[in-house]
Amino acid sequence: MKRLRAISILFACLSATLGAEPFTLHKGDHVCIIGNTLADRMQHFGWLETLLHARFPQHELVVRNLGFSGDEISLRLRSMDFGSPDEWLSGASPHPNARKHDAALFDKANLGSENRFELIQTKADVIFAFFGYNESHAGQAGLEKFKKDLDSALKHMLSQKYNGKSAPRIVLFSPIGHENLKSPDHSDGSENNSRLRLYAAAMADIAKANGVVAVDLFAPTQELYSKSAQPLTMNGIHLNEEGDRQVALAIERALFGSNLGTAAASFEKLRQAVLEKSFYWFQRYRATDGYSTYGDRAFLTFEKGSPRNVNKTDQDRRLPSNYEVLLRELQMIDVMTSNRDQLIWAAAQGRAFKVDDSNTPPPVKTESNKPGPLPGGQHEFNNAESAIKQMTAGKNMTISLFASEEQFPDLAKPVQMAFDPRGRLWVAVWPSYPHWNPKEGMIDKLMILEDTDGDGKADKAKVFADRLHNPTGFEFWGGGVILAQVPDIVFLKDTDGDDKADVRERILQGMDSADTHHSANSFVLDPGGALYWQEGTFHQTQVETPWGPPVRCSNAGVFRFEPRTFKFEAYVSHGFANPHGHVFDRWGQDFVTDGTGAQTYWAAAFSGHVDYPRKHPRLNTVYKQRTRPCPGTEILSSRHFPDEMQGNLLVPNVIGFLGILQYKFQDDGAGFAASEVEPIVSSTDQNFRPSDVEIGPDGAIWFLDWQNPIIGHMQHNLRDPSRDHSHGRIYRVSYQGRPLNKPPRIAGEPVRKLLDLLKEPEDRVRYRARVELSGRKPVEVVASLNEWIGALDPADKDYEHHRLEALWLQQNMNVVNEALLKRVLRSPEPRARAAATRVLCYWRDRVQDSLGLLKVQANDDHPRVRLEAVRACSFFRTPQAADVALESLNKEQDYYLKYTLDETMNTLDKVLKQPNL
């Protein structure tokens, strides 16, 4: 504690040692906030900015938050041409480089050269800089580099005149401390805090040397944590709303010597005005589809009457580019943001003010390069029932309609679906596709549809969450829903039983949003409770974690997130084009599909660890596809369908062949191969776009129909008027002559009954039982599980699978059971041994002699078990791991084993080259 006070004194004395007056703000100051997730999250709570306006109500301050998850002083991942920090701080809006720029585009669109690249209201007079947390993971070894980088960055900013007149006044903030949440699911923060203490002291020294005001947040937050009756962070390092309020008050005291108070109703009115402004600014600074806004796809040129983009064409036939259309929208948001500055000033000064956005420039209109045959270029759509007549079902299968936009207008542009433990169908709808229109508001939703009378058709629809933006994926967990809303991953929960989301919490930041149809999608839980999603090329993701340095991934990958522990990693870093589709089979083997080419891969082989920025090289696909692209996948596991179809892969396709393809898996050495069998459904309706597929509680195959005459970002302008925003259907496929399954009760059932459901043959029944258990108390689940394991019958033909389910549930609860793990590692069933080896990989830091156990697995008789052991070795940082991986050479190799061993040794090569090992 004495060391903490010493750091606080060093920061507190800084202004005095510089001979400077106490820090203050001046009338009309433009304040820019830069830095990592600490800075990024502040705009979503609004406390710091509100305190500034409340303290200086007549100053009419302009505050812009440029925080970005994962940022470091010298490493800031961005999509192409996003713009440098200097451009953003000076108000020179990011713009394409000169070789791409064609002035004629602006003349034709009447954008005006005088404000072509003008960004309204940054031009920083004051910079609040929040750095140090991400850099601190380099420890003592990286401290000198950090000091040099910080010193260089401060000197550079002080040499600039971002406001056009004078150097900025900079306030440097240390990182906050790591809060000990006193939970077995979270780090106690002691290792992080020892590093943060070093970096906080270094920041004070560098600030002093450069004449920069510094504020310590490390020591004050440690004190706040010790006194608070409730957690102030959600994961130890990222502040919750109360934590943000407390830290904002600490900053106010440090800068100005006191707090003015926040209890008055007028203060909350002011904070709501700040949050409204921040909403618009966030859409400006973190504009989704950035790659089409100022990256390479911004300059696609479209021609009238052609469904393809062209590079050169007659100007009379040329349609506006994405850049022309979207630059204007950014200008509109700039004006709307500035209008809300005035709302803030009025609230701070106690004046009435009504926002009027009529002063925004008009949008740039474009025409469709694929107009429909109806007047005005409109397209024809079949009604939902008659559309079935254009579908062909597989042999002995029947297609029926469950719901459409005709009964439920909110069911527009369904993108992903999932059944909850109550058997209700939830659907994410995306009518704003490809993204929000500034003048239309946020119109995307998460819906619940129910069939309350059992006639096979939806008769009730609710909106669980509205005002969403690009909800490209979601999954149930912990009594709520985890949903993609890039650049954030959010947690939604109903706390009062009205089927409305009362809780909306950003739990991860930093997913890239360069291309919304490449963004976080295909949410799926593995049997051990980790959540996966994936993104495509153009994306530059960086996510902070309590467990280590930021996780970074460039140009496509699959991610793994443990909601209980907040552990996050790049599960597969590979040069996909646009992955869509990720499924796990009965034994936990998973398959990832690159949607652009509909290429499906066995994930185990290329999901070993690689150090950023290296990516896994080309891997053979499981089968040779005949058509593309694919938006999602599912594994058929249902007694409603014949035995010969069980375990088949279902692959929707949305261009060329319009329908759902089917592939049968077979073992291929360590891995898998597959061959195409009869499709489940096909359609001649050119608007038919099956966007997701899932086995329902009744055992039928359910699928969504996106219903759109055009799709894709490259072939058409993002604002092409032929993009439909109102249609969407849900169908199901049943098998004639076989009864539908009777859905078991899951929601609210006792733990012991839920455990028995883990014996069910249907993958989705077990899946939903695990989802329900994820919301129960781990101590109660594990206690019942131990009894359940003891009652299992070794003579049961599925005994080995039941024990594996128990092991997975221990993993789900984050409770290591070493004895059970060792038993399943030596199971007579090789598929169980392979799955247990994967569990060992993720428990490697909590199991005694984990490398010794892996050595046994690396010599297993089955190649799949050996491959899992080799893969697991890539996660270690000791030369002994390489020795264990090489043990696999004692047995016969195949393509997948050789690939995985090569990749593991490439990763471990860096370890082997380190001195003193």
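Which residue follows α11, and what is the sign of its phi? Select Gly257, the residue that comes after α11, and you will find that its phi is positive, near 90 degrees. Keep in mind throughout this tour that the model on your screen is predicted.

**Helix α11**

From Gly257, step back and select residues 241-256, which form α11, a helix of 16 residues that reaches 22 Å from its first C-alpha to its last, close to the 22 Å expected at 1.5 Å a residue. At the N-terminal end of α11, show the side chain of Asn240, which caps the helix by placing a side-chain oxygen 3.2 Å from the backbone nitrogen of Glu242. Next, colour the buried residues of α11, among them Gly243, Asp244, Val247, Ile251, Leu255 and Phe256. Around them, display the elements against which the buried residues of α11 pack, namely the helices α3 (37-45), α4 (47-55) and α10 (218-227), together with the strands β3 (126-130), β4 (169-173) and β5 (213-215).

**Strand β31 and Gly671**

Now move to Gly671, which is found in strand β31 (residues 671-683). If you draw a distance from the C-alpha atom of Gly671 to that of Ala54, the two are separated by 63 Å, and these residues lie 617 apart along the chain. Gly671 counts as buried because its relative accessibility is 0%. Leaving aside residues up to four places away in sequence, Gly671 touches Trp602, Arg864 and Tyr896, which are worth showing as sticks.

**Helix α17**

Select residues 778-790 next, and you have α17, a helix of 13 residues that reaches 18 Å from its first C-alpha to its last, close to the 18 Å expected at 1.5 Å a residue. The residues of α17 that are buried are Val781, Val782, Ser784, Leu785, Trp788 and Ile789. Add α15 (751-757), α16 (763-774), α18 (799-812) and α19 (818-825) to the view, since what covers these buried residues of α17 includes those four helices.

**Where α19 meets α20**

Keep α19 in view and add helix α20 (residues 830-842), whose axis comes within 8 Å of the axis of α19, the two crossing at roughly 145 degrees. This crossing of α19 and α20 is left-handed. To see the contact itself, select Leu821, Val824 and Leu825 of α19, and then Ala832, Arg833, Ala836, Thr837, Val839 and Leu840 of α20. Sorted by class, the residues in the contact of α19 with α20 are seven nonpolar, one polar and one charged.

Note on methods:
Residues are numbered from 1 along each chain as its sequence is written. This is a predicted model: local features need pLDDT of at least 70, side-chain atom pairs count only at pLDDT 80 or more; totals for chains, interfaces and linings use all residues. Side-chain values use heavy atoms; hydrogens and water are left out. The expected span of a helix is 1.5 Å times one less than its number of residues. Buried means under 20% relative accessible area, exposed over 50%, partly exposed in between (1.4 Å probe, protein chains only). Contact means heavy atoms within 4.5 Å. A polar contact is a pair of N or O atoms within 3.5 Å; within protein, one must be able to donate a hydrogen and the other to accept it, and residues adjacent in sequence count only if both atoms are side-chain atoms. Axes are lines fitted to C-alpha atoms, for helices over the stretch in contact, and angles run from 0 to 180 degrees between N-to-C directions. A crossing is left-handed if the near helix is turned anticlockwise from the far one by less than a right angle, and right-handed if clockwise. Ala, Val, Leu, Ile, Met, Phe, Trp, Tyr, Cys and Pro count as nonpolar, Asp, Glu, Lys and Arg as charged, and the others, Gly among them, as polar.
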